[in-house]
Structures are given as C-alpha cells and as structure tokens.
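Colleague: I'm new to this one, could you walk me through it?
Modeller: Gladly, have a look at it and then we can go piece by piece.

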Amino acid sequence: MIKIPRTPRRRTTRSALPSAVTAVVAVAALSVAATPAANAASTLKSAAASKGKTFGAAVANYHLGESQYASTLDTEFSGVTPENEMKWDTTEPSRGSFNFGAADSIVAHAQSHGMKIRGHTLVWHNQLPGWVSGISSGSDLNNAMTNHIAQVAGHYRGKIWYWDVVNEAFNEDGSRRQSVFQQRIGNAYIENAFRAAHSADPNAKLCYNDYNTDGQNAKSNAIYAMVQDFKNRGVPIDCVGFQSHLGSNQVPGDYQANLQRFANLGVDVNITELDIAGSGQQQADDYAKVVRACVAVSRCTSITTWGVTDKYSWRSGSTPLLFDGNYAKKQAYYSVISAFGG
Ligand code: XIL
C-alpha cells in the first residue's frame with residue numbers, strides 16, 4: 001500500500017496567456033502530430049473516444065498560462081477536473097463568502113475546448129476552512145454544508161458532467177472516517193449532501209469518490225453497501241469514483257471485477273485521479289491494465305489522470321503521469337493508446 005502525502009498547499013493564481021498565443025502553439029503541436037503515421041487514435045482523447053470514453057486530466061488554473069501545458073492539455077485530453085480550485089477552502093474561505101474566480105477560468109477553458117468537466121469536490125475533510133471545523137452543532141454544520149453545496153453546485157449548474165459530492169468518507173477497515181461531518185451530523189451527512197447536490201444541479205451526475213478502493217477490500221465493500229442502500233432508498237447517486245493513486249506493480253488482479261460489481265448496482269464508474277509510480281515497461285504495463293479494465297466495463301465512462309506532466313504532479317517524485325517534465329510522451333502514454341485499441 002502506498003503512503004500518499006495529504007498536506008494541502010496553497011498557491012496563487014496567474015492569468016492565462018492571450019488565447020491567440022495558446023492557439024498558435026496548439027496548431028503547431030497538431031501539425032507535428034499529423035504525420036503520415038498518425039491514425040484516428042493518435043491522441044489519448046481520440047483513442048478513448050474510439051471506445052466511447054473520455055480521457056481527462058486534473059488541471060491547475062495557474063499553469064494554463066504555460067503554453068506547453070495548455071497545448072498538451074488541449075491536444076490530448078477531452079476532460080478536466082480542477083485540481084484544487086473547487087475545494088471548500090477556495091470556494092468558501094469564510095462563511096457565506098464565495099470565491100469562484102480560479103474555478104471559473106478552468107471551466108471557461110474547458111468549455112471553449114469542448115472538454116467535459118468533473119467537479120471536485122463538495123464535501124471533504126481536507127482543504128476545509130477552519131470555520132467549518134469550528135462549528136459545534138450538528139444542525140448548524142448540516143446547514144453550512146447544504147448551503148455550501150447549493151451555492152457551489154448552483155453556480156456551476158448545467159456545466160458539470162460529474163460532481164464528486166463526497167470525498168474519502170471511509171477508513172481502510174470500512175468504518176466511517178471520523179471527520180467533523182461524521183462527528184457532528186452522523187451517518188446521514190452523506191445522503192444529505194447528495195440530496196442537496198441533486199437539488200442544486202439536477203442534471204449533474206453525482207459521485208462518491210475514494211482511494212484504496214481499487215480491488216475488493218473492506219473499504220470498497222463498505223462503499224458498495226452504501227451505494228446499494230442509496231439505490232434501494234432512492235438517494236440520488238449516479239457514480240462511484242476510484243481515485244487509483246497507485247504504486248508500481250500494484251494494480252489489483254480484481255480491478256476490473258471490482259469496477260464491474262459497482263456498475264452492476266446501476267451506477268457509472270469513473271477512474272478519477274489515476275497516477276501510477278514508476279517508469280518504463282512496468283509503468284506502461286500498469287497503465288495498460290487500468291485502461292483495459294475500463295474498456296471492458298461499459299459503465300466506466302471516463303479515466304482522468306491526476307495532472308498533465310510529472311513536473312507538476314502532487315507525487316512528482318514518483319513520476320506517475322503520461323508526460324515527463326518536458327512534456328515528452330512516456331512509454332506509458334503509448335501503452336494507454338494501444339490498450340484503447342489504437
Ligand atoms: C491534491 C492536489 O493534487 C494537491 O495539489 C493538493 O495540495 C492536495 O490535494 N485525493 C483527492 C485530491 O481527492 O483532491 C487530492 O489532490 C489528492 C488526493
């Protein structure tokens with residue numbers, strides 16, 4: 001099992017380069033790609049599209065002004081997840097005071113390039129402003145939570161494909177994480193959050209998202225039971241997100257079977273934050289296993305890598321992405337294309 005650093009970092013926002021500059025770079029990149037050897041599956045997004053899937057990346061707004069970052073994103077990816085910009089500490093840093101600037105620019109970029117948007121995330125114990133943790137009454141915290149969801153999901157109403165409504169609510173042993181939401185509101189906070197998100201944006205598909213759920217284990221079993229219960233009682237849930245932050249040689253043998261059992265409950269499955277440590281053949285093989293599993297599960301509608309380039313990855317020391325620090329395509333990039341059948 002890998003250990004993942006979870007210390008929130010704060011960063012400042014920089015404005016994007018003029019779009020004309022970005023467009024010139026994007027055209028240049030496309031003409032390089034359009035060699036005689038190129039075929040329909042010459043990019044991640046076209047390879048994924050040939051199997052009806054979306055291939056996304058987590059994006060940081062302050063990198064969109066870097067021309068190679070933007071051109072790689074625009075050429076290769078058909079989906080976007082804001083890496084930090086929609087989290088509670090950014091969107092509602094003090095109670096009732098909302099800030100959508102950075103997330104709005106990512107959304108505008110995605111829309112102008114025809115990319116689908118995964119909203120991330122409405123309720124999470126990390127990157128949570130101090131005022132939320134300081135609320136002592138359950139009913140007050142429930143009001144703050146449902147208002148946060150109404151405002152944020154309401155602001156983006158009609159623009160979000162999938163929302164990660166609740167993130168990381170379970171422990172490895174399948175028990176509930178003792179977050180402030182669990183402690184003050186109790187078990188019902190998760191369904192309260194899903195109902196609030198459904199009211200705020202009835203057309204967005206609503207996901208529960210977590211890590212270390214990539215095979216059948218105590219944690220994924222607990223999530224499975226929750227989804228089954230929500231389906232039985234009509235709590236609006238449409239999707240389960242599997243973060244899939246993986247170490248090298250750690251794709252579980254039952255990865256596909258695990259996705260399929262969730263799909264069989266009547267929800268979509270998304271691979272939401274994929275990154276795999278390592279390099280070379282091992283990394284290429286690990287990526288191929290994940291892609292083949294998604295291809296084999298018709299309700300697996302999207303794969304998102306947690307970043308574009310190794311140099312900006314939250315696990316950059318593990319070089320876990322498909323483009324290196326110079327935006328060169330890695331071996332794993334080509335294995336992803338061929339795992340989609342390209
Ligand atoms: C990470 C970001 O990549 C970092 O930039 C930030 O400092 C911390 O959060 N699970 C999640 C993501 O759901 O939101 C986290 O993103 C990675 C783990």
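Modeller: Before the helix pairs, one convention: an axis here is a line fitted to C-alpha atoms, for a helix over the stretch in contact, and angles run from 0 to 180 degrees between N-to-C directions. Please also keep in mind that this is a predicted model.

Colleague: OK, so at what angle do the axes of H7 and H9 cross?
Modeller: The axes of helix H7, residues 138-155, and H9 cross at roughly 30 degrees and come within 8 Å. Angles under 35 degrees count as roughly parallel, so H7 is roughly parallel to H9. H7 passes H9 in a right-handed crossing.

Colleague: And which residues make that contact?
Modeller: On the H7 side they are Asn142, Met145, Thr146, Ile149, Ala150, Ala153 and Gly154, and these meet Tyr189, Asn192, Ala193, Ala196, Ala197 and Ala200 of H9. Sorted by class, the contact of H7 with H9 has 9 nonpolar and 4 polar residues, with no charged ones.

Colleague: What about H9 and H10, how do those two cross?
Modeller: Helix H9 covers residues 189-200 and helix H10 covers residues 218-233, and their axes come within 12 Å, crossing at roughly 55 degrees. H9 and H10 are therefore oblique to each other, and H9 passes H10 in a right-handed crossing.

Colleague: Which residues of H9 does H10 touch?
Modeller: From H9 the contact uses Ile190, Glu191, Phe194 and Arg195, while H10 brings Met226, Phe230 and Arg233. The contact of H9 with H10 divides into 4 nonpolar and 3 charged residues, and no polar residue takes part.

Colleague: Moving along the chain, how do H12 and H13 pack?
Modeller: Helix H12, residues 280-296, packs against helix H13, residues 331-339, at an angle of about 25 degrees, with the axes 8 Å apart. That angle makes H12 roughly parallel to H13, and the crossing of H12 and H13 is right-handed.

Colleague: Who's in that contact?
Modeller: H12 contributes Gly280, Gln281, Gln283, Ala284, Tyr287, Ala288, Val291, Arg292 and Val295, and H13 contributes Gln331, Ala332, Ser335, Val336 and Ala339. By class, the contact of H12 with H13 has 8 nonpolar, 5 polar and 1 charged residues.

Colleague: Changing topic, how many cavities of 30 Å³ or more are there?
Modeller: The count comes to 3 cavities of 30 Å³ or more, and the largest cavity has a volume of about 50 Å³.

Colleague: Which residues line the largest cavity?
Modeller: Its lining is made of Thr54, Gly56, Ala57, Gly79, Val80, Thr81, Lys116, Arg118, Trp161, Ser302 and Thr304. At least two residues of the lining of the largest cavity come from each of strand S1 (54-59), strand S2 (79-82), strand S3 (116-123) and strand S9 (300-305).

Colleague: And how do those lining residues divide by class?
Modeller: The lining of the largest cavity has 3 nonpolar, 6 polar and 2 charged residues.

Colleague: You mentioned S3, so which peptide bond there is cis?
Modeller: The peptide bond from histidine 120 to threonine 121 is cis, with omega near -5 degrees, and threonine 121 has its place in strand S3.

Colleague: Last one, what is phi of glutamate 168, and where does that residue sit?
Modeller: Phi of glutamate 168 is near 60 degrees, which is a positive value in a residue other than glycine. Glutamate 168 lies in the loop between strand S4 (162-167) and helix H8 (180-185).

Note on methods:
Residues are numbered from 1 along each chain as its sequence is written. This is a predicted model: local features need pLDDT of at least 70, side-chain atom pairs count only at pLDDT 80 or more; totals for chains, interfaces and linings use all residues. Side-chain values use heavy atoms; hydrogens and water are left out. On a 1 Å grid over the protein atoms alone, a cavity is a set of points where a 1.4 Å probe fits but cannot get out, and a pocket is an open set with protein on both sides within 12 Å along at least five of seven lines; lining residues have an atom within 4 Å of a point. Grid points are joined across faces, edges and corners, and a volume is the space filled by probe spheres set on the points. Helices (H or I, at least four residues) and strands (E, at least two) are DSSP runs, numbered from the N terminus. Ala, Val, Leu, Ile, Met, Phe, Trp, Tyr, Cys and Pro count as nonpolar, Asp, Glu, Lys and Arg as charged, and the others, Gly among them, as polar. Angles under 35 degrees count as roughly parallel, over 145 as roughly antiparallel, 65 to 115 as roughly perpendicular and the rest as oblique. A crossing is left-handed if the near helix is turned anticlockwise from the far one by less than a right angle, and right-handed if clockwise. Contact means heavy atoms within 4.5 Å.
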